[in-house]
Amino acid sequence: MLQPDTLSARWTRLMNRAAARRATWSRPITAFVSQPEPRTIGSYARGRQLAAGNFLFSGHLLQQPETSIWDLDPPDAAFSDAMHGFGWLDDLAAAADPRCRSCAQDWLWTWIDRYGAGRGPGWTPDLAGRRLIRWINHALFVLSGQSADRTKAFYKSLAQQTIFLGRRWKASRPGLPRFEALTGLVYAGLSLEGMETHIAPAVAALARECDRQIDDAGGLATRNPEELLEVFTLLTWASVALGESGRAPSEAHWSAIERIAPTLRTLRHADGGLARFHGGGKGLEGRLDNALANSGVKTQQPDGLSMGYARLSAGRTSIIVDAAPPPSGKASGNAHASTLAFELTSGRRPLIVNCGSGASFGLQWRRAGRATPSHSTLILAGRSSARLTKGSERHALLIDAPRNVPVKLSRASDGIRFEGGHDGYTGSHGLTHARSLDLTFDGRGVAGEDMLRTLNETDRRRFDRAMDAVTLQGVTFEIRFHLHPDVDASLDMGGAAVSMALKSGEIWVFRSDGTVKLSLEPSVYLEKNRLKPRATKQIVLSGRVMEYATRTRWSLAKAQETPIGIRDLAQDTPEPVTDID
């Protein structure tokens, strides 16, 4: 017997296909109302790789030169979605040489021939919205030199997809998929002849979604910084398109943009990348700066809390801490057990990181990336501060997570102080984890303290039971500091300190108070558009809790900074995101 969620998913697919087939009966459009202007940003390197037959989507690489993208056998659903969403069209348009143009044209019209009649996996509202945006953005690129018949087929397919979206956008999942569907519908209504009737309903629906999904502080329930950036990008695209057509975005739409912009600035590290928490990555190169520029919102949010994150910055150093409970309920599908974990970036170089989302490397890596040991924070008795539900790992939710997370930001005598705690280990061991971080005013030093303590008599009884279970040998704990792969780390002073060299020439030194064992161990760095996890290292402080209160102090200090000259600046240029080697 089919499970209810399977029946629901099957019913949605059937309705999408029926709506797609009905859309093929529409009267085709013949022209754009206005000349579309590309807004999406692609990668020249990825465009050249695609044209050479290197297809890298969702962590999978298929190398099949002289092969149409539609003749590939997708290894998973994420790979298929990337194909049918046409995000790769941005990359081919960025390269824009004759070979890339030829690939873009051949693959687009092959899609029309194979799937344009309403059949195939590409007919979901979010993919249709994503695809419409790309087709409209790059219409001049793909229509150049095409025959009248091909041009007619292109316009007909645009009309079909617009009508399909007008009927089925409500079937998209709340969150980023729904914003993609509605932004695609706004784009199509503004750009395509005869589709003007879709504008007003789409604008009104977009306003409702802004009110429902963007909270008063400019955040999303998923607390995924990269997802917030994608939503913000779509909203700014829609706003600019409406403005260029002589229309104004709704008050709710514009208010959401004004709320999100300062939040994203708070979640941005000194190197311009986003903090990598709750399934999100750093964001595509240039996407954040471009979206902020398009929005026109100049508001700066002072260091503090945004979407449950605390930011401390001074000099060239930024620290971002997960300072709230993980997302709950349906929003916890990509949540990580990362409460009180932090990332630190110095200038353009990340130093302390989280491992990141392993979703593109398979379900086991995805699960590992969500666990507390994959974050730069304390782990008690080898357990995560939250656990995942059993069953399908793809749909596992985070449960038994910290719910009481008090936080305080203040001025210290020589810098900025963060203080926070969480109760993720109270139920199992009676211990509360408290963490403080002090960043000096010049950004050259961080003093940290991690404490495990009982707060009341009930906690003490739980701790006593946990001690009895280990025959009074003490409850083990580890404090992990994952390092970025570009950091060259080594143990110094007989194992009493760790020196970390950044490619910028900076040297940072990590020390602890000597009450715990300090070691340098292997780790991994998980990022999108890579074929496999990158090997890196982590600093680990390990000890045992023997009493009702245990305190561990540690520090990070910049010991050296090589003067930056012309040669250093050249070496500090960001590397390409994609690796094909």
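Among contacts between residues at least 6 apart in sequence, 70% join residues at least 24 apart. Keep that in mind as you look at this predicted model, since many of the pairings described below follow the same theme. The protein is built from 17 helices and 21 strands. Of its 581 residues, 55% are buried. What remains open to the outside adds up to about 24,600 Å², and carbon and sulfur atoms supply 50% of that exposed area.

How far can you trust what you see? The average pLDDT of the protein is 88, and 89% of the residues score at least 70. Among the elements, strand 15 (residues 475-483) has the highest mean pLDDT, 98, while helix 17 (residues 566-571) has the lowest, 34. Two stretches call for care. Residues 1-5 have a pLDDT below 50, and beyond near neighbours in sequence this stretch has two contacts in the model. Residues 563-581 also have a pLDDT below 50, and here the model shows 32 contacts beyond near neighbours in sequence. Where pLDDT is low, the predicted coordinates should not be read in detail.

Now let us turn to helix 4. Seven of the eight residues of this helix (residues 88-95) are buried, so helix 4 is largely enclosed by the rest of the structure. The buried ones are Trp-88, Leu-89, Asp-90, Asp-91, Leu-92, Ala-93 and Ala-95. What surrounds them? The buried residues of helix 4 pack against helix 2 (44-51), strand 1 (54-57) and helix 3 (77-85), and also against helix 5 (98-115), helix 6 (125-137) and helix 7 (139-143). Just after helix 4 comes Ala-96, with a positive phi of about 60°.

Further along the chain, Glu-180 sits in helix 9 (residues 176-191). This glutamate is buried, with a relative accessible area of 11%. Leaving out residues up to four places away in sequence, Glu-180 touches Asp-126, Gly-129, Arg-130, Ile-133 and Leu-234. Ser-250 makes another good stop: you will find this serine in the loop between helix 11 (225-244) and helix 12. Ser-250 has a relative accessible area of 19% and counts as buried, because the cut-off for that word is under 20%. Apart from neighbours within four places in sequence, Ser-250 is in contact with Val-203 and Ala-207.

Two loop residues are worth a look for their backbone angles. His-278 has a positive phi of about 50° although it is not a glycine, and this histidine belongs to the loop between helix 12 (251-266) and helix 13 (287-295). Leu-472, likewise a residue other than glycine, has a positive phi near 60°; its place is the loop between helix 16 (457-469) and strand 15. Are these two residues buried or exposed? His-278 is buried, with a relative accessible area of 1%, whereas Leu-472 counts as exposed at 53%.

The next stop is strand 21 (residues 549-561), which contains Leu-556. At 1% relative accessibility, Leu-556 is buried. Setting aside residues up to four places away in sequence, the contacts of Leu-556 include Leu-344, Leu-351 and Ile-352. Other residues it touches are Arg-444, Gly-445 and Val-446, along with Met-500, Trp-508, Val-509 and Phe-510. Leu-556 can also be compared with Ser-512: 44 residues separate the two in sequence, and their C-alpha atoms are 9.1 Å apart in space.

Finally, there is a space inside the protein to explore. The structure holds one cavity of 30 Å³ or more, and about 60 Å³ of space lies in the largest cavity. Which residues line the largest cavity? They are His-269, Asp-271, Leu-274, Arg-276, Lys-282, Glu-343, Thr-345, Pro-350, Ile-352, Val-353 and Tyr-525. Strand 6 (342-346) and strand 7 (349-353) are the elements that give two or more residues to this lining. Strand 7 gives the most, with three residues. Sorted by class, the lining has five nonpolar, two polar and four charged residues. One name here may look familiar: Ile-352 lines the largest cavity and is also among the residues that Leu-556 touches.

Key:
Residues numbered from 1 in each chain as written. Predicted model: local features only at pLDDT ≥ 70, side-chain atom pairs only at ≥ 80, totals over all residues. Heavy atoms only, no water. 1 Å grid on protein atoms, 1.4 Å probe; cavity = no way out; pocket = protein on both sides within 12 Å on 5 of 7 lines; lining within 4 Å. Points joined across faces, edges and corners; volume = space filled by probe spheres on them. Helix = DSSP H or I, 4+ residues; strand = E, 2+ residues; numbered from the N terminus. Nonpolar A, V, L, I, M, F, W, Y, C, P; charged D, E, K, R; others polar. pLDDT = per-residue confidence, 0-100. Contact = heavy atoms within 4.5 Å. Buried < 20%, exposed > 50% of the residue type's maximum accessible area, 1.4 Å probe, protein only. Areas by Shrake-Rupley, 256 points an atom, 1.4 Å probe, with all protein chains shown as cover.
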